[in-house]
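Hi everyone, thanks for making time. I'd like to walk you through one protein model today, starting with its pockets and working back to the fold. Let me put it on the screen.

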Amino acid sequence: MPIFQLTTNVKIDEAKTNDIILELSKLGAQLSGLPEFIVSVDYTYSENLSFAGTFEPAFFLNYTSGHFTPEKNIEESRSLFKFLGEKLGVNSKRGFIQFQSPGADYIGFAETTVTEFKRSLQADKASA
C-alpha cells in the first residue's frame, strides 16, 4: 500500500506526466517489495511551492507505507531523490521526502484493512 503524493513547482510536459507517474508506481513496488496493484501515485503541480525562500525547482513527496525502518528510509531516499532528480531536474537539496507509517491496521483497502488483506493473500497462497 505505498502511497506517493508528489507536489512540485516543476511543470511536467503533459505528454510525459503519465509516464513519470507510472514509473514512480513501478519504483514504489520495487522499493516496497509489494505488488504494483496496491501502489498509488498522485501528482500535483503547484507553481506556488517555495523551498528555501525561492521558487526555484523544488518538490515535496509524501510517502506513506507500512514497511519503513530508519535504514530502509536511507536507501529509499537515495533511490527516490535520484528518480526525482532525473525526471524533474530538481537538486536533492531542493525537496523533502516525508516517510509516514501509520501501520497496516490504520489503512483501509478492499473493504478491510491492509493487515487483513495481507492475511487473506497468505491464506489463499497456503490453500493453493
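Which residues line the largest pocket? They are L34, P35, F37, I38, F117, K118, L121, Q122 and K125. Before going further, please keep in mind that this is a predicted model.

For those of you thinking about volumes, the largest pocket comes to about 150 Å³. Its lining divides into six nonpolar residues, one polar and two charged.

Now, how far does the predictor trust this model? The mean pLDDT of the protein is 93, and 100% of its residues reach 70 or more. Among the elements, strand 1, residues 3–8, has the highest mean, at 98, while helix 3, residues 114–127, has the lowest, at 85. As a general reminder, where pLDDT is low, the predicted coordinates should not be read in detail.

Let's step back to the fold. The protein has three helices and six strands. Reading from the N terminus, the order of elements is β-α-β-β-α-β-β-β-α. If you want a feel for the dimensions, the C-alpha atoms fill a box of roughly 55 × 35 × 25 Å along the principal axes.

Four of the strands form an open sheet, in the order 2-1-3-4, with mixed pairing. Strand 2, residues 40–45, and strand 4, residues 95–100, stand at the edges with a single partner strand each, so one side of each has no neighbour in the sheet. From one strand to the next, the twist averages 10°.

In the middle of that order, strand 1 and strand 3, residues 59–64, pair in the antiparallel sense over six bridges. To pick out one position, L6 has L61 in strand 3 as its bridge partner. Helix 1, residues 14–32, packs on the sheet, where it touches strand 1, strand 2 and strand 3. The direction of helix 1 makes about 140° with that of strand 2.

That brings me to the inside. How many cavities of 30 Å³ or more does the structure hold? There is one. The largest cavity has about 30 Å³ of space in it, and its lining is made of L6, I12, I20, I21, L24, V41 and Y43. Helix 1 and strand 2 are the elements that give two or more residues to this lining, and the largest share, three residues, comes from helix 1.

And what about the chemistry of that cavity? By class, the lining has seven nonpolar residues, with no polar and no charged ones. The largest pocket, by contrast, has one polar and two charged residues in its lining along with six nonpolar ones.

L6 is a nice residue to finish on: L6 pairs with L61 in strand 3, and L6 also lines the largest cavity. Thanks, and I'm happy to rotate the model if anyone wants another look.

Notes:
Residues are numbered from 1 along each chain as its sequence is written. This is a predicted model: local features need pLDDT of at least 70, side-chain atom pairs count only at pLDDT 80 or more; totals for chains, interfaces and linings use all residues. Side-chain values use heavy atoms; hydrogens and water are left out. On a 1 Å grid over the protein atoms alone, a cavity is a set of points where a 1.4 Å probe fits but cannot get out, and a pocket is an open set with protein on both sides within 12 Å along at least five of seven lines; lining residues have an atom within 4 Å of a point. Grid points are joined across faces, edges and corners, and a volume is the space filled by probe spheres set on the points. Ala, Val, Leu, Ile, Met, Phe, Trp, Tyr, Cys and Pro count as nonpolar, Asp, Glu, Lys and Arg as charged, and the others, Gly among them, as polar. pLDDT is the predictor's confidence in each residue, from 0 to 100. Two strands pair if DSSP finds at least two bridges between them. Axes are lines fitted to C-alpha atoms, for helices over the stretch in contact, and angles run from 0 to 180 degrees between N-to-C directions. Contact means heavy atoms within 4.5 Å.
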